[in-house]
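This report describes one protein chain and the ligand modelled with it. It goes from the overall fold to the domains, then to one helix and the ligand shell.

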Amino acid sequence: MDKRFKHTLVAHKICPYCMKVLTVMRHKNVKFEIKFIETHNKPEWFLRISPLGSVPILIIGEEIVLSESAVIMEYIDEITPPKLMPDDPLEKAIDRAKFEFSNEIIRNLYSFIFSTEQEKFVRQKEWLMKHFKWIEEWLKDKKYINGNELSLVDLSFVPLFVALNMLKSTLPCDMLKDFKRLKMYGEMITSLPCVKTGRVPDYEFLMIDGIKSQNTVLYRSNPCYFNNGVKPQGCCLFRN
Ligand SMILES: N[C@@H](CCC(=O)N[C@@H](CS)C(=O)NCC(=O)O)C(=O)O
């Protein structure tokens with residue numbers, strides 16, 4: 001890794017794409033600074049350097065800016081051997097497709113969590129259940145997605161399991177109850193040291209606060225639990 005360059009990650013505290021990058025940075029022991037911004041109130045300096053106005057971005061040195069979580073993850077992986085990404089062009093292409101898949105899963109999971117419309121909430125839930133099957137299939141006879149070793153594609157699914165864990169500890173709901181391999185894999189992934197240190201300590205608090213303050217379906221169907229810790233009867237996520 002080129003030590004001449006300072007790395008500054010610009011992130012938002014509960015952004016799942018930022019969490020992916022942070023996890024890789026922790027796993028690879030990369031030294032970096034972090035600047036948090038609010039996405040609803042983006043600073044001028046940020047809008048000048050982020051092409052799509054989105055986080056994460058990685059500032060390398062004083063002026064090189066990388067955007068897109070998958071691109072930043074691959075760059076960090078490349079400069080800090082041993083690589084977690086395969087060398088074979090086809091295997092690499094397959095993994096990149098899975099990065100895209102993980103981004104869609106995470107986008108839909110966040111829409112589900114923060115949904116304020118009942119119909120959309122149910123639609124997102126069904127979409128997620130349908131697509132979890134793919135990951136369950138990729139894990140057949142394997143510890144990790146690419147075999148018995150951790151690879152970059154595993155780290156791209158980290159925010160999925162962190163968010164599901166947060167829901168599980170907040171509400172007695174297990175969205176993975178019908179996905180045995182995915183459940184075991186998720187437990188293993190969330191116990192990795194880089195996952196524990198790869199997110200802001202107040203992630204759960206901020207997520208719960210957002211779920212409440214945005215008056216989401218999740219909150220409306222279980223206000224007692226969110227306010228007083230009274231457990232709902234049955235599984236809230238599956239109550240239409
Ligand atoms: N494809 C992008 C997605 C990044 C993204 O959607 N970031 C959100 C925060 S979680 C954002 O910055 N939203 C603000 C906006 O787009 O205005 C990536 O993988 O980095």
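How many helices and strands does the secondary structure of the protein chain come to? The model is a predicted one, and its protein chain has 12 helices and 4 strands.

**Overall dimensions**

The protein chain has 240 residues and a radius of gyration of 18 Å, which agrees with the value near 18 Å for a compact globule of that length. Along the principal axes, its C-alpha atoms fill a box of roughly 55 × 45 × 30 Å. Of the 240 residues, 31% are buried. Among contacts with a separation of 6 or more, 65% are between residues 24 or more positions apart.

**Domains and their contact**

The chain is divided into two parts, domain 1 (7-79) and domain 2 (89-238). Taken over C-alpha atoms, their centres are separated by 22 Å. Where they touch, 13 residues of domain 1 are in contact with 20 residues of domain 2. On the domain 1 side, the elements that give two or more residues are H1 and helix H3 (69-79). H1 supplies the largest share of that side, with 8 residues. By residue class, the domain 1 side divides into 7 nonpolar, 2 polar and 4 charged.

The table sets the classes on that side beside those of the ligand shell.

| Group | Nonpolar | Polar | Charged |
|---|---|---|---|
| Side of domain 1 that touches domain 2 | 7 residues | 2 residues | 4 residues |
| Shell around the ligand | 5 residues | 6 residues | 1 residue |

**Helix H1**

H1 covers residues 16-27, 12 residues in total. From its first C-alpha to its last it reaches 16 Å, close to the 16 Å expected at 1.5 Å a residue. How many of the residues of H1 are buried? The helix is mostly covered, with 11 of its 12 residues buried. The buried residues are Pro16, Tyr17, Cys18, Met19, Lys20, Val21, Leu22, Thr23, Val24, Met25 and His27. After H1 comes asparagine 29, which has a positive phi, near 55°.

**Ligand shell**

Which residues surround the ligand? They are His12, Cys15, Tyr17, Thr39, Gly53, Ser54, Val55, Pro56, Glu68, Ser69, Ala70 and Asn103. Tyr17 is thus listed in the shell, and Tyr17 is also one of the buried residues of H1. The shell comprises 5 nonpolar, 6 polar and 1 charged residue.

Methods:
Residues numbered from 1 in each chain as written. Predicted model: local features only at pLDDT ≥ 70, side-chain atom pairs only at ≥ 80, totals over all residues. Expected span 1.5 Å × (residues − 1). Buried ≥ 20, exposed ≤ 12 C-beta atoms within 10 Å, placed from the backbone. Near = placed C-beta within 6 Å. Nonpolar A, V, L, I, M, F, W, Y, C, P; charged D, E, K, R; others polar. Rg over C-alpha atoms; globule rule 2.2 N^0.38 Å. Contact = placed C-beta atoms within 7 Å. Domains from an automatic or database assignment.
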